[in-house]
Structures are given as C-alpha cells and as structure tokens.
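Welcome! This short briefing is about salt bridges and where their partners sit. Have a look at the structure first, then follow the points below.

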Amino acid sequence: MLVHSIPTNAGYDFASDVRAGLTRPDQKELPSKYLYDDVGSALFEVISHLPEYGLTRADERLLRRHAKEIVERVPGPVAVAELGSGSGKKTRWLLEAFCRRQRTSYYPVEISHAALVMCERELSDIDAISIVGFEREYLDGLLEVAAYRKPGQHLCVLFLGSTIGNFDRAAGVDFLAEVRSILQPDDSLLLGTDLEKSGSQLLQAYDDELGVTAAFNLNLLARVNRELAADFALDHFEHTARINSEARSVEMHLVSKRHQVVSIPMAEVVVEFQEGETIWTESSHKYSSDEIFDTARKAGFRCEVQWIDEQWPFAENLLIAE
Ligand code: AVJ
C-alpha cells in the first residue's frame, strides 16, 4: 500500500466566476462545482444518508452487487482513475475486485482536499493497491493520470454518483468527448447516471425535511462571505428546488426574500437583488436508460453493459472507448 497526494494548483478563479455569474443580465448563477468546499463536501456526505435522497445508496448497491462482473468486463491490465472520488466509500467494492485480479494503481481526482484525504484513508487498507490522489479539476487531473500510464496498460475511468447530471445534455456529451480524447481505444469509463423519476420524488430528494440540502445550497453564499469578504445575510435567502420538465432536470436556486444589495469586495462587485429573484446554483439532469447508449456513441464510446437498480431508478453504464 502506498498513499501519496499531488496538491492543488487551483486552475480556477472563484472571484471572477462569482463576479461573472452574479452580474449576468437575466438569470444570476453560481457554478455548482463551488458547492464542494470542505463544509459543502461534508454536507453532501450527510445528504447521501437522507431517506429522501436514494441516489448514492442506489449507486453503492449496484457497485457492490456487480463489482465482480464489472471488473471482468473492463479490458485489462488497468490503472483506475476516479473523477470526484468523494469519500471513496462506494469505490471500495470495485477496487477490491480490481485488486483481486491484479495489483492496481488508483488515482482519485478531487477538488476537495478534505474529501481526498478521507478517500485515501478509507481505501488505503485494500491489499495490492497504490493510491496517488490529485487535487485537481477533472480534466486537468485526468491528463496527468494519463501521463502516468505504463505501456500496454489500459485506463478505467470512474465517473460515479451521476455528477454528469450537473451538465446539461449537450455539455455532458462534450465533457465525455473530452474524456474520450484523453483515452485510447479499449480504455473504459464507468458512468453512473440517475434516471428519470416523478417530480414529487425529485422535489423531496432536493428539498429534504431536515433542511440539509438547504444548508448545502446556502453554504455557497457562506463560502462567498468567507473567501471573498462578502456580506450575504444568509437568512435573507431561501433554498428552493424546481422541476425543469423541458430540460428533464431538477434545479436548486437561492431565492432572495427581499430587495437587497450585497457587496463582494474581493470580486470587486456590488450586486442588487429584487424580491423573489433567484441565484441558480445547480441543475441535476435525469436520464432515460435508452438515451445513454446514444450519449455514449456521440462522445466516441459504446455502452457495453448497463446495470439498473430496482429500488431507485439509477444506472451504472460501462462505456468502452472506440
Ligand atoms: C453529487 C451532483 C450527484 O446532483 O444529486 C445533491 C448533488 N445536489 N443534492 C446531485 C446534490 C443536491 C448531487 N450530485
């Protein structure tokens, strides 16, 4: 066992993204990737245990139940990269199966330092594993991982938890095509996708009774306060979840409860909010099981196998690079 971490080289600029998002003429927005600072990652971890939010448990069930078969279907020998490892808990079943087949290098790519540390700690006891974590954005991290590839070694990329859903459908295809461009034929991508379900089930999942998702969403404003010296009054904003039936997504917004002016010194901007105006912070697109075959093809993969959970509509899709 070896655990090693490559620290951040922050390839993003929080201040300019906040400024750009909050000065848009129509719908104000903040990019959802900023939900995951250390506090936000910890809150998401709690969300994944909520009874209303079945997504993570479905993902885990599928990986646990089918780990052996998934690994048998992945062209080897492989190094395993994971985009957004989170705590690493659900990856255990897969990595144990990989490590039973061969000694395996695992490269988690994760923007949250705390999540990366947790994941390394969680998985370091697996026999025949070596872990090198990259504190990077997905594509930057994957490019570095690909540079570590040994001759004859395939890459298997894990993109679990339906993070793909945060992109709209077209951007999702573009992202997968970018991943594909870093890969070689017969490399693989295990893609987790949340499937379509009823509006009421989605609204409960994204606006839970305890208010954890509300805290997760509001933490984004708290983060702007902490890191950019802003003066958002959190109790003047309210979390809400909305169904977008045209996009087949559920959206999170922060609603301004009154007319207000907020200054964000380190983004060099002052922002005015009307009563009822919202900041759009996340979209979570839901897929039909069929369209994933088409999505894969458009991005230069073929979807070889799909495993679907019976309790909570969710699919694990094994994509092979063509
Ligand atoms: C981690 C992106 C899959 O979209 O369901 C959970 C994040 N947002 N509750 C999702 C989230 C609100 C989650 N993903």
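Glu-144 is partly exposed, with a relative accessible area of 26%. Its salt-bridge partner is Arg-136, and the closest N and O atoms of the two are 2.5 Å apart. Please keep in mind that this is a predicted model. A search of the whole structure finds 23 salt bridges, and a few of them are introduced here.

**Arg-136 and Glu-144**
- Arg-136 is buried, at a relative accessible area of 8%, whereas Glu-144 is partly exposed.

**Arg-149 and Asp-187**
- Arg-149 pairs with Asp-187 in a salt bridge whose closest N and O atoms are 2.6 Å apart.
- Arg-149 sits in the loop between α6 (138–147) and β6 (154–159), and Asp-187 in the loop between α7 (169–182) and β7 (188–194), so this salt bridge ties together parts that are 38 residues apart in sequence.
- Arg-149 counts as buried at 17% relative accessibility, and Asp-187 counts as buried at 0%.

**Within helix α9**
- Glu-227 and Arg-223 form a salt bridge, with 3.0 Å between the closest N and O atoms.
- Both residues belong to helix α9 (residues 212–228), where they are four residues apart, about one turn of the helix.
- Arg-223 is buried, with a relative accessible area of 7%, while Glu-227 is partly exposed at 35%.

**A shared network**
- Arg-92, Glu-96, Glu-122 and Asp-125 are joined into one network by salt bridges that share partners.

Notes. Residues are numbered from 1 along each chain as its sequence is written. This is a predicted model: local features need pLDDT of at least 70, side-chain atom pairs count only at pLDDT 80 or more; totals for chains, interfaces and linings use all residues. Side-chain values use heavy atoms; hydrogens and water are left out. A salt bridge is a side-chain nitrogen of Lys or Arg within 4 Å of a carboxyl oxygen of Asp or Glu. Buried means under 20% relative accessible area, exposed over 50%, partly exposed in between (1.4 Å probe, protein chains only). Helices (H or I, at least four residues) and strands (E, at least two) are DSSP runs, numbered from the N terminus.
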